[in-house]
Amino acid sequence: MKISVIIPAYNCAGYIRQTLDCIRTQTLPQKDIEIIMFLDGCTDDTAFTIQQYFKDYSNMNLHVIRAEYQQGVANARNSAVKHAKGEYIHFYDADDVINPDFYKKLYDSAKQVDADVAVASYINERNRHNSVVFDGECVLSVPQDKINETRVDKCGISSRFIIKRSFWEYNRFSFPMDMIYYSDILTMTKVVYNCNRIVFVPGVTYWYKNRPNSMSAVKKTRKLRWMYYRRARIDTYVFLCQFDVKPTYDKRYNYKWLLFNVFPILTSVADNDMGIEKYKLFGLIPVLKVSNKQKTMGWHI
């Protein structure tokens with residue numbers, strides 16, 4: 001088995017067939033792909049839809065794990081990966097899309113250079129500025145170069161990568177169970193830092209879809225997601241500092257802070273009780289909040 005595809009699935013009956021179609025139509029033969037589906041306490045018709053799909057396409061290799069109640073993406077991935085038998089593993093979200101050559105090109109490139117990790121281009125439909133696209137093949141082994149080119153400490157989506165299973169198991173990687181959102185960032189930063197080499201593969205893309213009712217798109221969870229994102233970024237920063245590796249530099253944030261130092265119309269007000277500093281336009285219009293911890297560290301989210 002060449003590839004183990006790990007899919008956490010929670011109430012995705014409306015689009016799970018499209019995801020399975022993406023796997024079924026891969027140019028890598030189906031005998032080389034196994035699908036490990038973790039049904040995370042689904043309350044809709046996801047299980048029935050999957051059952052019907054595999055009646056129609058019985059040549060696909062499927063293993064289903066059922067949870068009685070929702071346990072979260074991190075637990076679903078950690079549990080499912082223990083059942084994987086493929087040479088490489090891929091964490092695939094149930095509502096996203098990949099192109100037909102995705103597994104073949106990533107696998108072939110990884111095998112050709114004996115890389116622990118292969119990475120595809122990534123398109124974020126909702127936040128296009130977070131997309132990462134590769135124009136040519138490249139192999140890197142220096143930690144700072146790997147972090148810079150993948151931007152994994154900012155865009156740590158695990159679905160961009162295929163990872164050698166023996167490497168994952170040897171290092172005992174796992175997703176933090178206490179992170180409801182953004183559990184990928186720290187884990188994938190550790191994966192990229194520790195891998196022997198990583199190969200960037202052009203011509204393969206992972207599309208992060210903007211589903212209106214998905215967990216990441218629901219407006220009421222925005223503040224909670226932002227809190228977890230900040231925590232993930234800080235944890236990742238601390239990890240990188242242990243090895244004297246700098247976080248990914250982003251010009252957009254540098255220009256933002258340059259403006260505050262140049263134009264007096266932008267003023268700041270400290271809130272010591274909350275541990276944050278609020279920046280206002282003309283002293284009236286709130287434009288940004290920055291925690292004192294972030295300022296002390298010298299990097300900004």
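In the predicted model, Cys 138 is partly exposed, having a relative accessible area of 31%. Cys 42 is likewise partly exposed, with a relative accessible area of 24%. A disulfide is a covalent bond between the sulfur atoms of two cysteines. A search of the whole structure returned zero disulfides. For Cys 42, the closest cysteine sulfur belongs to Cys 12 and lies 5.9 Å away, which is too far for a bond; the cut-off applied to a pair of cysteine sulfur atoms is 2.5 Å.

The chain comprises ten helices and twelve strands. Of its 301 residues, 48% are buried. Contacts between residues distant in sequence were also examined: among those joining residues at least 6 apart, 75% link residues at least 24 apart.

Helix H7, which spans residues 184-194, is mostly covered, with nine of its eleven residues buried. The buried set consists of Asp 184, Ile 185, Leu 186, Thr 187, Met 188, Thr 189, Val 191, Val 192 and Tyr 193. Contacts of H7 with two other helices, H8 and H5, are described below. Two packed helices are described by the angle between their axes and the distance between the axes.

The axis of H7 comes within 8 Å of that of helix H8 (residues 222-242), and the two cross at roughly 25 degrees. H7 is therefore roughly parallel to H8, as the crossing angle falls under the 35 degrees used as the limit for that description. The crossing of this pair is right-handed. On the H7 side, the contact involves Ile 185, Leu 186, Thr 189, Lys 190, Tyr 193 and Asn 194; these meet Tyr 229, Ala 232, Asp 235, Thr 236, Phe 239 and Leu 240 of H8. Classified by residue type, the contact of H7 with H8 contains seven nonpolar, three polar and two charged residues. An α-helix has 3.6 residues a turn, so residues three or four places apart point the same way.

Helix H5 (residues 143-150) also packs against H7, the axes coming within 8 Å and crossing at roughly 135 degrees. H5 and H7 are therefore oblique to each other. The crossing of H5 with H7 is right-handed. Its contact is formed by Pro 143, Lys 146, Ile 147 and Thr 150 of H5 together with Thr 189, Val 192, Tyr 193 and Asn 194 of H7. Four nonpolar residues, three polar residues and one charged residue make up the contact of H5 with H7. Thr 189, Tyr 193 and Asn 194 of H7 thus take part in the contact with H5 and in that with H8. Of these, Thr 189 and Tyr 193 are among the buried residues of H7.

Two further buried positions, one in a helix and one in a strand, were examined individually. Tyr 53 lies in helix H2 (residues 46-56) and is buried, with a relative accessible area of 0%. Apart from neighbours within four places in sequence, Tyr 53 contacts Arg 17, Leu 20, Asp 21, Arg 24 and Met 60. Arg 17 is 36 residues from Tyr 53 along the chain, yet the C-alpha atoms of the two are separated by 7.2 Å.

Thr 205 is located in strand S9 (residues 198-208). With a relative accessibility of 15%, Thr 205 counts as buried, the limit for this class being 20%. When residues up to four places away in sequence are excluded, Thr 205 touches Val 97, Ile 98, Asn 99, Phe 102, Ala 120, Ser 121 and Ile 123.

Positive phi values occur at two loop residues described here, Asn 11 and Arg 151. Asn 11, which is not a glycine, has a phi of about 45 degrees. Asn 11 is placed in the loop between strand S1 (3-9) and helix H1 (16-24), and is partly exposed, with a relative accessible area of 24%. For Arg 151, also a residue other than glycine, phi is near 55 degrees. Arg 151 belongs to the loop that runs between H5 and strand S8 (161-164). Its relative accessible area of 22% makes Arg 151 partly exposed.

How values were computed: Residues are numbered from 1 along each chain as its sequence is written. This is a predicted model: local features need pLDDT of at least 70, side-chain atom pairs count only at pLDDT 80 or more; totals for chains, interfaces and linings use all residues. Side-chain values use heavy atoms; hydrogens and water are left out. Axes are lines fitted to C-alpha atoms, for helices over the stretch in contact, and angles run from 0 to 180 degrees between N-to-C directions. Helices (H or I, at least four residues) and strands (E, at least two) are DSSP runs, numbered from the N terminus. Angles under 35 degrees count as roughly parallel, over 145 as roughly antiparallel, 65 to 115 as roughly perpendicular and the rest as oblique. A crossing is left-handed if the near helix is turned anticlockwise from the far one by less than a right angle, and right-handed if clockwise. Contact means heavy atoms within 4.5 Å. Ala, Val, Leu, Ile, Met, Phe, Trp, Tyr, Cys and Pro count as nonpolar, Asp, Glu, Lys and Arg as charged, and the others, Gly among them, as polar. Buried means under 20% relative accessible area, exposed over 50%, partly exposed in between (1.4 Å probe, protein chains only).
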